[in-house]
Amino acid sequence: MSSRLMRKVLEEQSALLQQQQLDSSDDSESPISSAPTRNLFDLLEDDDNDDVNSFGGQLSDQEKAQIADKTSDCDISGEHSSVGNNAVDTVSMSKVKSKKKKKKKNNKEEDSFPTNKLRSSNIMLESLSLGASSSGHQEIAPYPAEMKPLKADSEDKLLKTQFKTSILLVDPKFLSAENELRRIFGSRVVKSQERNNSPVNPRPMRGGRRGSHSLKKTVLVSSSQHWPRWDGSLTMELLETIDGVHYFRYSHSLSYAQTQRAFEAAKASHDLNGIANILLNHPYHIDSLITLADYFKFTGEHQMSADATAKCLYAMECAWHPLFAPWKNCRLKYAHDTNKQFFTSLFSHMKNMDRRGCHRSALEICKLLLSLDSDDPMGAMLCIDYYSLRAEEYAWLERFAEEYECDNSLWLFPNFSYSLAVCRFNLERDQLSNSGGMGNGKDSSFELMKQALMLHPSVLEKLVAKVPLKERRWTDVLKHNFFGLEQTGNPSLDHLIAIYVEKSYLIWRLPDLQKLLYDSAVSVLEEQASDVKDWACVRNEAFSSEKNEYSHLLISDFSDSVSTMPPDNLQDFIVGQRGGGVEFEHPQPHIPENHAIRDVSNRSPLAVLFESMLPWINYGTGDLDDDDDVQANQD
């Protein structure tokens, strides 16, 4: 007889005895019965039930018959059964206690899991707001008891924020110009170019010590080995969090604030020599580097200007808050004075990427500018279409025009009305080459171009003059009064048209687009009599302000051509307040040996003079070799 059956038999016997005692006590005593005594075998019964259930549930009829026979045998030998009971208890209780503790813990965990699972399922069902059916199901509340309904305004605002964030999501791997150059030309070409441009210093500087330092890796720009270490004088602080969006602001340390005051004083007196002295001691002062970049841009030193802009972005990225990630829900408002330098540097860096032919990197930076501040203080909305077309991101541009939320429809802006037609033209060409047909149900590029010409007819004459288009057929088209107006009479619209023509005229040098533009213009002249007034009403309603709302955006900032200053003006610009020559108030610090050696041949003397003041510039020791010394003495 097994121990399990033995315990089962003993339990039934004790249950019968308890039932008999209860019946006799009910007959003899009052009707209020006391609580039944705790059976010590109940603990064993729980374990047995678990074991039995795990092997198929309740006992079969055959097993019950065996138990009944053995019960009768045990009734005959009562003393023997009690002895057997004690024997079984002494042998099995030690094992059962350890198993009982483990099973208790497992039972508690299993009991709590379905309870939590049931609660979570109830909350999910309640959130579906299902009503009661005719079959008698219980009604479910429109909102769970633990949740509060959101206001409609906050929901709409959250949805708009999510749409803007998704369409303006920045991919960090496309921010690097080096990655794009590798995709265009290949890794071998880029590595050989970097090897040729890397500074080679065969002879160590006199009194210098060999050594190098590692710079922090950044996403926006790639640091150069001759840059100095980041001094940590600039930081970023978290202002607030609204609807899951974090708002940040740059902050200055005490030493940086003191340097900033010195820069303001030098700027007020037009003392570029004083700004150079600031960079000797503080090589990562942002405003001084921006001034330096502007100076090199006016002298035609575009590589030096781009290098100074990259230093600005490197310093400002090193100061990022641990929670700040521009490709997530983070905002940096332009209204704060300490944030303006970041927008200015990003905008200059975007143009530098475009000048190098890295149009996809320029597009990602443009998306970053627009996502950091939806007010668009730098006018990123006026050039994002251009970079999309140059990067051949046609599908993204159409999606952006459909999903991005703003006060007016993007199609009403001059740059988007013409760029969307060009975008559709390229998509149609790709579809014809891939599948041999079209059928997306959208307006064709010919229809979109006609709508753009009827909405903004004054663009045509400016494009013909800027591209330029010198064929006689364009002269015949511009003779009509509809395309002959140079100004629309609206300052804001005229300013936007001027920016678009200045930025995007290069696109219209393709012969296929010129044919599309000409055919659309001829078709408009044939059909324009009936729709002129309607399109004029749409244009006047979209741009109803009598003031130029975009006057803060300079047309020259969107131009590819860079104006240079005459040497006389540059000389007056770098001379100190008292006139005369350029003087150094502080001695130049020791220049590390790993700083890049610059070549001064065939360069502007004034640019070299100002460049020599910078701490990271190295022209060598200035000493001649032994052979050169001998030759100089003979002369």
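The exercises below, each with a worked solution, concern a predicted model.

**Exercise 1.** Describe how helix H11 and helix H12 pack, and decide which word fits their arrangement.

*Solution.* Two packed helices are described by the angle between their axes and the distance between those axes. We therefore begin with these two values, which for H11 (residues 302-318) and H12 (residues 340-355) are an angle of about 135° and an axis separation of 9 Å. Angles over 145 degrees would count as roughly antiparallel, and 65 to 115 as roughly perpendicular, so H11 and H12 are oblique to each other. The next step is the hand of the crossing, which is left-handed for H11 and H12. Turning to the residues, H11 contributes Ala-306, Thr-309, Cys-312, Leu-313 and Met-316 to the contact, while H12 contributes several, among them Phe-342, Ser-345, Leu-346 and His-349. Sorted by class, the residues of this contact are six nonpolar and six polar, with no charged ones.

**Exercise 2.** Carry out the description for helix H16 and helix H21, and find which residues meet.

*Solution.* The axes of H16 (residues 414-434) and H21 (residues 491-504) come within 8 Å and cross at roughly 45°. Since angles under 35 degrees count as roughly parallel and those from 65 to 115 as roughly perpendicular, H16 and H21 are therefore oblique to each other. On the side of H16 the contact involves Pro-414, Asn-415, Tyr-418 and Ser-419, which meet Leu-493, Leu-496, Ile-497 and Tyr-500 of H21. The classes in this contact are six nonpolar and two polar residues, again with no charged residue.

**Exercise 3.** State how much space lies in the second largest pocket, and work out which element gives the most to its lining.

*Solution.* The space in the second largest pocket amounts to about 1200 Å³. Its lining consists of 46 residues, and those nearest the centre are Ile-290, Asp-294, Lys-297, Thr-344 and Asp-557. Among the elements that give two or more residues to this lining are helix H8 (254-268), helix H10 (286-298), H11 and H12, and H12 gives the most, with nine residues. By class, the lining has 20 nonpolar, 16 polar and ten charged residues.

**Exercise 4.** Locate Pro-468 and Asp-243, and say what marks the backbone at each place.

*Solution.* Pro-468 lies in the loop between helix H18 (458-466) and helix H19 (472-478), and the peptide bond that joins Val-467 to Pro-468 is cis, with omega about -5°. Asp-243 lies in the loop between strand E1 (234-242) and strand E2 (245-252), and its phi is near 55°, a positive value in a residue other than glycine.

How values were computed:
Residues are numbered from 1 along each chain as its sequence is written. This is a predicted model: local features need pLDDT of at least 70, side-chain atom pairs count only at pLDDT 80 or more; totals for chains, interfaces and linings use all residues. Side-chain values use heavy atoms; hydrogens and water are left out. Axes are lines fitted to C-alpha atoms, for helices over the stretch in contact, and angles run from 0 to 180 degrees between N-to-C directions. Helices (H or I, at least four residues) and strands (E, at least two) are DSSP runs, numbered from the N terminus. A crossing is left-handed if the near helix is turned anticlockwise from the far one by less than a right angle, and right-handed if clockwise. Contact means heavy atoms within 4.5 Å. Ala, Val, Leu, Ile, Met, Phe, Trp, Tyr, Cys and Pro count as nonpolar, Asp, Glu, Lys and Arg as charged, and the others, Gly among them, as polar. On a 1 Å grid over the protein atoms alone, a cavity is a set of points where a 1.4 Å probe fits but cannot get out, and a pocket is an open set with protein on both sides within 12 Å along at least five of seven lines; lining residues have an atom within 4 Å of a point. Grid points are joined across faces, edges and corners, and a volume is the space filled by probe spheres set on the points.
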